[in-house]
Amino acid sequence: LANAARELGTGQEPAPLPERGASEVALANHSFNQMVKDLRQLEHDRVVMLAGISHDLRTPLTRLRLETEMSPADQATRDAMIGDIEQMDQIIGQFLEYARPSDTAASPVDLSELVQEAVPRYATLADVTLTLQLAPSVAALSNRMDVLRVLDNLVENARRYGKTPGKECAEIVIVTRMEHDTAILEVMDHGQGVPAEQLPLL
């Protein structure tokens, strides 16, 4: 039972335990076997649910992309909107990857290149000014879409809550650099920051 519990704890699926012997041993093994079955069912339900959600979301995204490409907006705005749609589609794809039992391995990501790729989307935001301080190449072992999501969230938070005092815009500085063997990505604004009493609520 202890060995089977260790296997389960490391993500493996242990073989069913024998439900025989002393009554308390048989009952413990039966309960453990039932738990393994329940966990397997939960995993199956999660796969089906995420696959269904991903499939259903992609249909309106396809329509939205077609409407965007036919929009009378200027080319830069269209490109930024299409970029957003493509990123959403990639995120949905990542949900599908997450739904599969196998883990997705990290791969080398150039943070400076990734920031340059994201900049056109931010350039369409009227209340944001960007300053880039990017090292020539900052390689990190990571998941590209995860880093893009983090970057987008930080820029959006700065846009909403980090406007420079006395101005109507958020002045955002994005920095990439290597520090010894660590890849650094920083997103900074010139806002007033979170009040000290609200920090525990974060």
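The exercises below, each with a worked solution, go through one predicted protein model.

The model is predicted, and local features are used at pLDDT of at least 70, side-chain atom pairs at pLDDT 80 or more, while totals for chains, interfaces and linings use all residues. Residues are numbered from 1 along each chain as its sequence is written, and side-chain values use heavy atoms, with hydrogens and water left out.

**Exercise 1. The overall build**

State how many helices and strands the protein has, and in what order the elements run.

Solution. Begin with the definition: helices (H or I, at least four residues) and strands (E, at least two) are DSSP runs, numbered from the N terminus. Counted in this way, the protein has five helices and five strands. Reading from the N terminus on, the order of the elements is α-α-α-β-α-β-β-α-β-β.

**Exercise 2. Dimensions and burial**

Set the radius of gyration of the protein against the value for a compact globule of 202 residues, and then give the share of buried residues.

Solution. The radius of gyration is taken over C-alpha atoms, and the globule rule is 2.2 Å times the number of residues to the power 0.38. For a compact globule of 202 residues this would be near 17 Å, but the protein has 24 Å. As a next step, look at the C-alpha trace, which spans about 75 × 45 × 35 Å along its principal axes. For burial, the cut-offs are under 20% relative accessible area for buried and over 50% for exposed, with partly exposed in between (1.4 Å probe, protein chains only). Buried residues make up 27% of the 202 residues.

**Exercise 3. The nonpolar core**

Describe the largest nonpolar core, and list what Ile174 touches away from its neighbours in sequence.

Solution. A nonpolar core is a set of buried Ala, Val, Leu, Ile, Met, Phe, Trp, Tyr and Cys residues joined through side-chain atoms within 4.5 Å. The largest such core has 20 residues, and those with the most contacts inside it are Leu111, Leu114, Leu151, Val155, Ile172 and Ile174. H4, H5 and E4 are the elements that give two or more residues to this core. In soluble globular proteins, nonpolar side chains tend to be buried together. Now take Ile174 and leave aside its neighbours within four places in sequence: with contact meaning heavy atoms within 4.5 Å, Ile174 is in contact with Val115, Leu130, Thr131, Leu132, Gln133, Leu134, Leu151, Val155, Leu185 and Glu186.

**Exercise 4. The largest pocket**

Work out what lines the largest pocket, and which element gives the most to its lining.

Solution. On a 1 Å grid over the protein atoms alone, a pocket is an open set of points where a 1.4 Å probe fits, with protein on both sides within 12 Å along at least five of seven lines, and lining residues have an atom within 4 Å of a point. The largest pocket has a volume of about 320 Å³, where volume is the space filled by probe spheres set on the points, which are joined across faces, edges and corners. Its lining has 14 residues, of which Asn157, Ala158, Tyr161, Asp189 and Val194 lie nearest the centre. Helix H5 (144-161) and E5 each supply at least two lining residues, and H5 gives the most, with four. To sort the lining by class, count Ala, Val, Leu, Ile, Met, Phe, Trp, Tyr, Cys and Pro as nonpolar, Asp, Glu, Lys and Arg as charged, and the others, Gly among them, as polar. The result is eight nonpolar, five polar and one charged residues.

**Exercise 5. Three loop residues**

Decide whether His180, Ala126 and Thr164 are buried or exposed.

Solution. His180 is found in the loop between strand E4 (170-179) and strand E5 (182-188); because its relative accessible area is 79%, His180 is exposed. The phi of His180 is near 60°, a positive value in a residue other than glycine. Ala126, in the loop between helix H4 (111-123) and strand E2 (128-134), has 81% relative accessibility and therefore counts as exposed. Thr164 is found in the loop between H5 and E4, and with a relative accessible area of 11% Thr164 is buried. Leaving aside its neighbours within four places in sequence, Thr164 is in contact with Cys169, Ala170, Glu171 and His190.
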